[in-house]
Amino acid sequence: MPMELTQSRIQKIWLPNDSHPALPRRSCGPQLTNSPTVIVMVGLPARGKTYISKKLTRYLNWIGVPTKVFNVGEYRREAVKHYSSYDFFRPDNEEGMNVRKQCALAALRDVKLYLSEEGGQIAVFDATNTTRERRGMVLNFAKENGFKVFFIESVCNDPSVVATNVMEVKLSSPDYRDCNSTDAMEDFMKRINCYQASYQPLDPDNDDRDVSLIKVIDVGRRFLVNRVQDHIQSRIVYYLMNIHVQPRTIYLCRHGESEFNLKGRIGGDSGLSNRGKKFASALNKFVEEQNLKDLKIWTSQLKRTIQTAEALKLPYEQWKALNEIDAGVCEEMTYEEIKEKHPEEFALRDQDKYYYRYPSGESYQDLVQRLEPVIMELERQENVLVICHQAVMRCLLAYFLDKSAAEMPYLKCPLHTVLKLTPVAYGCRVESVCLNVEAVNTHRDQSEEAKKGPNPLMRRNSVTPLASPEPTKKPRINSFDEHVASSSAALPVYMPQEVPTHLPGQNMNSSQKQS
């Protein structure tokens with residue numbers, strides 16, 4: 001007999017009927033890994049490992065793969081409260097070597113907990129891992145627990161790139177809080193030398209020929225890939241081959257106010273209102289003032305974004321992927337009409353705005369998948385202005401500012417405001433520029449009822465300077481002696497570790513609201 005199925009009211013997907021056990025909530029997202037994966041970073045200090053770790057984690061979380069970074073340096077700073085000098089990292093410093101090893105074990109224990117019990121699919125083990133012995137320890141750990149392993153080695157022999165990385169990132173580390181920049185630079189370069197002496201790079205031609213890995217050479221100038229095992233590893237490789245670290249600025253804005261905005265209707269393909277045309281002219285002046293070389297301009301294929309771009313008198317490219325979220329049977333309706341004609345759908349969307357799919361339309365989750373090629377191309381480009389729509393802009397913004405699925409549908413992206421995004425070391429700086437042309441307010445806050453309900457959506461696990469604060473964490477290591485005592489009993493013997501929802505400069509006039 002064919003199995004009886006029931007359609008999910010929120011996502012509009014078919015599920016076994018109530019006689020079958022329900023899938024866990026995290027199964028709603030794409031299951032791109034057939035077993036948990038540990039991504040192991042490899043490389044000397046100041047080679048961009050943490051930059052890659054955080055950026056990759058942000059991308060994987062955005063596409064719906066629960067991912068978390070485990071930075072061994074943070075464990076070490078918790079175990080050793082006061083850093084003295086590079087002597088701690090000398091290979092002949094037995095006490096320092098023992099502390100670093102125990103910190104790595106503590107991180108691996110948390111990796112196991114995250115992948116086995118907390119619903120994680122990918123853990124990024126961010127450490128130098130410069131010796132075959134240390135990498136063998138991680139491989140044994142993964143084999144014991146049934147995890148896949150993928151190595152990412154960052155190799156850079158350009159002294160100027162290394163020095164720039166040290167100046168921009170490492171000197172602001174807690175290790176050098178009370179140290180002048182000259183002394184800090186000297187100490188850190190000596191720290192690098194401590195690792196250099198025992199560094200054993202990945203060798204896919206000999207010792208590591210059976211290992212899945214990618215070598216990122218000279219900040220993405222060249223790549224070497226070996227034995228990619230599955231779909232998620234191939235996506236990781238593709239992503240790493242598209243990102244770059246060149247200075248650039250990304251501008252995000254919505255089209256000018258449309259006729260449907262004035263009427264409170266969602267979707268559709270209406271043209272600009274008179275105020276929307278004024279915004280297009282103001283945007284033209286703003287772009288001229290930025291004086292950007294080789295600015296790329298992207299729009300959707302809908303009339304209101306194209307009319308906005310036409311005022312700039314510059315070449316632009318139309319992307320179908322940038323079209324607004326498809327509201328299906330609710331297209332061109334007001335929210336009052338939706339509430340009257342489809343009361344259940346109206347209520348369901350308030351319950352779970354990210355996963356909710358309009359009948360014959362899309363959800364925010366669908367929109368994220370549609371926008372992945374846009375994100376990939378944005379990572380390849382330099383200066384870009386994207387003229388898009390409210391839901392689309394929220395999805396793009398959530399990627400750059402590491403926002404969760406729960407936060408994404410409520411990010412404020414007002415009309416006639418440009419968001420200027422500037423990538424920085426471990427995140428993205430955002431500046432909100434209001435062009436002083438009045439417009440209706442199309443933002444709808446989360447209902448009070450929805451705020452009171454349980455929130456099963458998983459938070460992002462990577463952290464950027466502008467990301468929402470994570471809950472207060474318990475110290476992972478209270479002291480070195482205490483940790484050694486606890487870890488010796490707990491670990492196997494073979495193992496020798498923001499855009500705020502309100503942006504400054506918004507001109508928000510009350511009127512019909514939509515999203």
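A residue counts as buried under 20% relative accessible area, as exposed over 50%, and as partly exposed in between. Keep that scale at hand for this tour of a predicted model.

**Stop 1: V219.** Select V219, in the loop between β7 (213-217) and β8 (222-226). Its relative accessible area is 41%, so V219 is partly exposed. Now check the backbone: V219 has a positive phi of about 55°, although it is not a glycine. For context, most residues other than glycine have a negative phi.

**Stop 2: E332.** Jump next to the loop between β11 (317-318) and α11 (335-341), where you will find E332. Here too phi is positive in a residue other than glycine, with a value near 70°. With a relative accessibility of 42%, E332 counts as partly exposed.

**Stop 3: helix α7.** Select residues 231-240 to bring up α7, a helix that is mostly covered, with 7 of its 10 residues buried. Which residues of α7 are buried? Colour I232, Q233, R235, I236, V237, Y239 and L240 to see them. Then add D230, which caps the N-terminal end of α7. Draw a distance from a side-chain oxygen of D230 to the backbone nitrogen of I232, and you should get 3.4 Å.

**Stop 4: α2 against α3.** Two packed helices are described by the angle between their axes and the distance between the axes. Show α2 (residues 72-79) together with α3: the axes lie 9 Å apart and the packing angle is about 120°. The pair is therefore oblique, and the crossing of α2 and α3 is right-handed. For the contact itself, select V72, Y75, R76 and A79 on the α2 side, and V99, C103, A104, A106, A107 and D110 on the α3 side. By class, the residues in this contact of α2 with α3 are 8 nonpolar, no polar and 2 charged.

**Stop 5: α3 against α4.** Keep α3 (residues 94-117) on screen and add α4 (residues 132-145); their axes come within 12 Å and cross at roughly 25°. Angles under 35 degrees count as roughly parallel, and α3 and α4 are therefore roughly parallel to each other. The crossing of α3 and α4 is right-handed. From α3, pick R100, K101, A104, L105, L108, V111 and K112, which meet R134, M137, F141 and N145 of α4. This contact of α3 with α4 has 6 nonpolar, 1 polar and 4 charged residues. Before you leave, highlight A104 in α3: this residue is in the set that meets α4 and also in the set that meets α2.

Methods:
Residues are numbered from 1 along each chain as its sequence is written. This is a predicted model: local features need pLDDT of at least 70, side-chain atom pairs count only at pLDDT 80 or more; totals for chains, interfaces and linings use all residues. Side-chain values use heavy atoms; hydrogens and water are left out. Axes are lines fitted to C-alpha atoms, for helices over the stretch in contact, and angles run from 0 to 180 degrees between N-to-C directions. Helices (H or I, at least four residues) and strands (E, at least two) are DSSP runs, numbered from the N terminus. Angles under 35 degrees count as roughly parallel, over 145 as roughly antiparallel, 65 to 115 as roughly perpendicular and the rest as oblique. A crossing is left-handed if the near helix is turned anticlockwise from the far one by less than a right angle, and right-handed if clockwise. Contact means heavy atoms within 4.5 Å. Ala, Val, Leu, Ile, Met, Phe, Trp, Tyr, Cys and Pro count as nonpolar, Asp, Glu, Lys and Arg as charged, and the others, Gly among them, as polar. Buried means under 20% relative accessible area, exposed over 50%, partly exposed in between (1.4 Å probe, protein chains only). A polar contact is a pair of N or O atoms within 3.5 Å; within protein, one must be able to donate a hydrogen and the other to accept it, and residues adjacent in sequence count only if both atoms are side-chain atoms.
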